Amino acid sequence: MRQAFASNFHDYGEIGASCCVTLGGETVVDLWGGVADQATSRPWEEDTISVVFSATKGATAICAHHLIERDAFTLDTPVVELWPEFGAQGKDGATVRMMLDHSAGVPVLREKLKEDGIYDWDYMCDRLAAEQPFWQPGERNGYHGLTFGWTVGELVRRASGKSLGTYFRENVAEPLGIDFWIGLPEEMEPRVAPMIFRRHQPGDAQPPFLEVGLNQPGSIPHLFLFNSGGFLSRGCNTREGHAAELGGAGGITNARGLALMYRPFANGGSWDGVDMVGPDTLAAMGEVSTATNLDANLQIPTRFAPGFMKSMDNRGLGFESAIIGAGAFGHVGAGGSIGFADPELGLSFGYTMNRMGEGLLLNERGQALVDAVYRCLGGMAVRGGAWRRA
């Protein structure tokens with residue numbers, strides 16, 4: 001693992017990064033290195049944290065499953081029982097499961113957001129509730145890239161009476177002792193590594209969602225790129241962006257935070273006296289809920305459990321991939337970060353970085369580290385689109 005981590009700097013232009021692995025609950029890998037801030041040459045330290053973009057969705061989904069375990073709702077509860085306003089425009093058939101597995105029909109918003117609208121929770125929820133769905137909920141799926149934070153986060157808020165960031169802190173981060181924030185306190189700002197955006201080079205292949213988004217105005221990928229409030233392009237490096245409770249893309253942590261967040265779910269649903277979920281809920285968290293050859297937003301084949309990504313091997317098609325264990329579930333973040341649990345192996349994993357790579361799934365750096373983990377376990381091979389026992 002150390003060799004693979006170092007190779008990312010030597011061979012793939014890594015700037016600053018962290019990687020953490022637990023196996024059977026024991027932390028067996030905890031690596032960090034490089035430069036956190038190129039402007040000041042500040043090194044990446046043990047406690048450096050960074051925006052992990054959509055890896056935040058895993059944290060938001062864990063909050064929902066934590067509430068499911070406590071009978072606040074079920075995967076098949078109609079959304080309107082918790083959020084009556086969401087039933088407008090024919091969305092009354094949406095269920096909690098559909099909100100979690102990207103089939104609710106509101107991957108983006110059509111009309112332009114107001115300035116800094118993504119930092120106004122009530123405004124975003126009102127807009128989503130009033131939005132006409134792009135398809136009838138449940139008919140297909142399309143990655144709810146930023147809207148997931150409110151479609152699922154508002155269910156958490158309504159069921160618990162607490163904001164998403166507060167619920168996550170009190171029921172996940174603090175009990176598990178992890179350094180992970182959805183809404184970063186100002187005193188933590190000096191520890192944040194700014195994100196370094198990838199500059200497109202002539203001749204670079206474009207991910208399908210980017211090709212469609214740049215060339216088809218009004219399409220779902222276009223609206224995802226250009227009607228998301230600018231968080232992905234500039235807001236992620238601002239104090240306002242760090243402070244906001246953006247459950248779809250704004251979480252801030254490091255590899256240790258991701259690996260330790262998933263550790264209970266790699267070990268039966270609990271760890272060190274903290275009971276997160278029981279066996280039935282844990283099983284449901286890892287079951288494929290939607291799978292398609294053409295995700296309405298990402299424009300590639302995708303597979304999702306309720307709130308989590310499953311292994312996606314699109315290499316044969318020349319598309320983006322994120323190849324993890326057959327029984328694993330977790331989430332990537334734009335540019336390459338990832339966290340996941342593999343309950344079959346008692347494994348949890350986290351990787352974060354500050355130099356963004358191409359696309360929204362894994363690039364060569366994160367995938368190399370994931371591959372190294374499974375090779376270290378012995379007797380593992382990629383078959384049927386996922387790492388399995390040979």
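The second largest pocket in this predicted model has a volume of about 430 Å³. The largest pocket holds about 920 Å³ of space. Beyond the pockets, the briefing covers a contact between helix 2 and helix 8 and two residues with positive phi, His 102 and Asp 116.

**Second largest pocket**

- The second largest pocket, with its volume of about 430 Å³, is lined by 19 residues, and those closest to its centre are Glu 320, Glu 358, Leu 362, Asn 363 and Glu 364.
- Helix 14, which spans residues 364-377, gives the most to this lining, with three residues.
- By class, the lining of the second largest pocket has six nonpolar, six polar and seven charged residues.

**Largest pocket**

- Rolling a probe the size of a water molecule over the atoms shows where empty space is left.
- The largest pocket, at about 920 Å³, has 36 lining residues, and Phe 197, Leu 225, Leu 232, Ser 233 and Arg 234 lie nearest its centre.
- Helix 9 (208-215) and helix 10 (220-226) are the elements that give two or more residues to the lining of the largest pocket.
- In the lining of the largest pocket, 16 residues are nonpolar, twelve are polar and eight are charged.

**Helix 2 against helix 8**

- Helix 2 (residues 56-69) and helix 8 (residues 164-176) have axes that come within 10 Å and cross at roughly 70°.
- An angle of 65 to 115 degrees counts as roughly perpendicular, so helix 2 and helix 8 are roughly perpendicular to each other.
- On the helix 2 side, the contact is made by Ala 59, Thr 60, Ile 62, Cys 63, His 66 and Leu 67.
- Helix 8 contributes Leu 164, Tyr 167, Phe 168, Asn 171 and Val 172 to the contact.
- The residues of this contact divide into eight nonpolar and three polar, with no charged residue among them.

**Positive phi in the loop between helix 4 and helix 5**

- Most residues other than glycine have a negative phi.
- His 102 has a positive phi, near 70°, and lies in the loop between helix 4 (96-100) and helix 5 (121-130).
- Is His 102 buried or exposed? His 102 has a relative accessible area of 0%, and because buried means under 20%, His 102 counts as buried.
- Asp 116, also not a glycine, has a positive phi of about 60°.
- Asp 116 lies in the loop between helix 4 and helix 5.
- The relative accessibility of Asp 116 is 36%, which means that Asp 116 counts as partly exposed.

Terms used: Residues numbered from 1 in each chain as written. Predicted model: local features only at pLDDT ≥ 70, side-chain atom pairs only at ≥ 80, totals over all residues. Heavy atoms only, no water. 1 Å grid on protein atoms, 1.4 Å probe; cavity = no way out; pocket = protein on both sides within 12 Å on 5 of 7 lines; lining within 4 Å. Points joined across faces, edges and corners; volume = space filled by probe spheres on them. Helix = DSSP H or I, 4+ residues; strand = E, 2+ residues; numbered from the N terminus. Nonpolar A, V, L, I, M, F, W, Y, C, P; charged D, E, K, R; others polar. Axes fitted to C-alpha atoms, helices over the stretch in contact; angles between N-to-C directions. Parallel < 35°, antiparallel > 145°, perpendicular 65-115°, else oblique. Contact = heavy atoms within 4.5 Å. Buried < 20%, exposed > 50% of the residue type's maximum accessible area, 1.4 Å probe, protein only.
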